[in-house]
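Please read the following briefing with the sequence and the three-dimensional view side by side. It is written for a reader who is new to protein structure.

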Amino acid sequence: MPQNSPRPDDTRTGSVALAPEPDTQTATAAPASTYTGSMRVSGIDTPGPRPTHGHDGTPHVLTPSAIVGIAVLGLATFFAITTELMPVGLLSTMSGDLGVTESRMGVVITVYALAVALLALPLTWVTARVPRKAVLVATLGGYTASNLIVALAPNFETVCVGRVVGGVAHALFFSVASAYATRIVPPRLAGRAIAFVYSGSSLGFVLGVPLATAVGDHLGWRSAVFAVAVASAVLAVVALAFLPAVRGESSPHLGSVAAWARSGLLAVVVADLLLFAGHYVVYTYVGPYLMTAGLGDDAVAPALLVLGVTGIVGLVTAGAFVDRAPRQTLIAAVAVMALALAVLPLVHGSLVGTFVVAGLWVAANGTTGTLFMAAAIRTGGVSPDIAGALVNAGSNVGIAGGAALGAQVFGTAGLGLGALPFVAAVVVGASLVVVVLGRRGFPVAGHAQSTLSTSSLRTITSSVSVVTASIATVQAARTGSVPTGPAVRGGRRSR
């Protein structure tokens with residue numbers, strides 16, 4: 001993405017070097033940089049001017065401010081996903097406390113997703129010229145306000161209002177986060193930056209939702225939501241202080257529906273929408289579903305943690321194959337999802353069988369986020385922020401539709417929870433058809449955005465260590481030196 005290359009006047013007084021990724025890309029080289037010390041992201045080396053280089057001799061270097069910025073974006077993504085999915089993990093507890101049925105409580109997922117679906121594209125377009133840092137900090141403030149409203153809500157209706165506020169923040173956040181990451185690193189590291197941002201999303205599934213569920217189980221759901229509000233507020237302050245400034249686009253390229261269709265972008269958005277719809281038909285109610293299969297009430301949070309880990313496996317798989325075989329990998333992942341969902345009711349009598357099949361379903365789903373976002377940006381039909389907004393909107397139309405369809409099936413006499421996986425399998429199967437037929441949007445190899453690569457397993461697997469080391473890196477950046485997923489929880493009432 002040449003438009004995101006560092007400006008020639010950039011001077012780096014400290015740097016972070018990444019190991020080169022094996023590709024044959026011909027990305028525009030970033031301007032030469034001045035550096036006085038380096039470390040590797042995937043393992044801290046002794047200081048010294050030892051940057052690694054790509055095949056064209058371009059240094060793969062990150063400044064201290066860039067690595068801090070990526071860490072902040074990863075953490076922000078973690079709390080964004082936790083905010084979005086936390087009510088699902090606390091669904092039964094919240095419904096009991098607020099005096100509504102579980103199927104009605106699922107509406108809090110729907111209203112959130114609808115806000116994102118309706119506002120992602122227009123808000124991204126309207127704010128395209130606004131400095132990206134201001135937009136990101138504002139979205140974190142929105143997450144804080146959303147969680148505070150929900151935590152203090154006296155009734156179900158107020159919870160829905162708080163969720164709409166969160167949906168507005170989410171509409172902007174995921175539309176710009178990936179593009180933001182690519183604009184604070186050299187072009188050849190754009191894919192690794194995206195992989196890092198999405199690793200924060202996966203950590204939200206793996207750690208955020210189960211931790212919120214556990215806190216809600218022991219201290220009450222309001223305490224869990226309030227804790228996320230406080231964490232979001234702290235992160236907003238950190239982002240304001242340390243997130244590198246990025247200018248808005250002077251002339252964002254929106255394109256037209258006809259242009260989206262010609263480039264294949266429309267196929268990507270439709271397939272993504274259908275996949276999310278099918279996924280959330282069941283995932284919105286996965287806690288109660290697992291409990292009816294024999295899972296104990298106290299075991300739901302650990303079960304969600306294990307399922308979240310399978311999602312990380314999917315993310316790693318996506319990183320390994322998104323450059324070499326993006327189309328084949330996505331087809332295989334969506335097919336596995338559809339098959340696992342179809343089989344799920346057949347093994348419902350066995351807790352072990354249910355858990356194994358659910359693990360396959362969630363692992364396959366874990367590959368799709370990176371693959372769909374990469375496919376959208378690679379079509380080259382619109383600006384990266386707009387591509388992110390379209391995928392974000394499509395995903396949330398799917399989430400809203402899937403959650404609503406799941407609630408309808410769940411509440412229908414004679415159907416109930418047992419019918420959810422069959423319905424989901426049909427919808428995911430429709431997504432598979434779009435992927436198979438949409439060759440322009442899902443080519444055998446990446447095209448158009450040749451600088452995009454997400455093949456670095458080292459970046460993905462080292463995400464936790466980089467995030468946890470970010471405090472030290474922040475301190476180093478300030479001194480000028482460089483140091484060597486939703487799951488639904490069926491549970492108890494809050495207490």
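The briefing below goes from the whole chain to a group of aromatic rings and then to single residues.

This is a predicted model, in which local features need pLDDT of at least 70 and side-chain atom pairs count only at pLDDT 80 or more, whereas totals for chains, interfaces and linings use all residues. Residues are numbered from 1 along each chain as its sequence is written, and side-chain values use heavy atoms, with hydrogens and water left out.

**The whole chain**

- The secondary structure of the protein chain comes to 20 helices and two strands, where helices (H or I, at least four residues) and strands (E, at least two) are DSSP runs numbered from the N terminus.
- Of the 495 residues in the protein chain, 60% are buried; buried means under 20% relative accessible area, exposed means over 50%, and partly exposed lies in between, with a 1.4 Å probe and protein chains only.
- The accessible surface of the protein chain, computed by the Shrake-Rupley method with a 1.4 Å probe, is about 17600 Å², and carbon and sulfur atoms account for 69% of that surface.

**Confidence**

- The mean pLDDT, which is the predictor's confidence in each residue on a scale from 0 to 100, is 74 for the protein chain, and 74% of its residues reach 70 or more.
- Confidence is highest in helix H17 (residues 420–437), with a mean of 94, and lowest in helix H19 (residues 463–468), with a mean of 35.
- Over residues 1–59 the pLDDT stays under 50, and the model has 139 contacts beyond four places in sequence for this stretch, a contact being heavy atoms within 4.5 Å.
- Residues 447–495 also have pLDDT below 50, with 153 contacts in the model beyond near neighbours in sequence.

**Aromatic rings in helices H10 and H14**

- Rings of Phe, Tyr and Trp (its six-membered ring) pair if their centres lie within 6.5 Å, and planes under 30 degrees apart count as stacked, over 60 as edge-to-face and the rest as tilted; by this rule there are seven aromatic pairs.
- In one of these pairs, the ring centres of Tyr280 and Tyr283 are 6.2 Å apart and the planes stand at 70 degrees, so the pair is edge-to-face.
- Tyr280 and Tyr283 are three residues apart in helix H10 (residues 265–283), which means that about one helical turn separates them.
- Tyr280 is buried, with a relative accessible area of 3%, and Tyr283 is buried as well, at 4%.
- Tyr283 also forms an edge-to-face pair with Trp361, with 5.5 Å from centre to centre and 75 degrees between the planes.
- This second pair links distant parts of the chain, because Tyr283 belongs to helix H10 and Trp361 to helix H14, 78 residues apart.
- Trp361 is buried, with a relative accessible area of 1%, and it forms one aromatic cluster together with Phe276, Tyr280 and Tyr283.
- Helix H14 (residues 351–366) has 16 residues and reaches 22 Å from its first C-alpha to its last, close to the 22 Å expected, a span given by 1.5 Å times one less than the number of residues.

**Two single residues**

- Leu273 lies in helix H10 and counts as partly exposed, at 25% relative accessibility.
- Leaving aside neighbours within four places in sequence, Leu273 is in contact with Gly394, Val397 and Gly398.
- Asn147, in helix H5 (residues 132–152), counts as buried at 3% relative accessibility.
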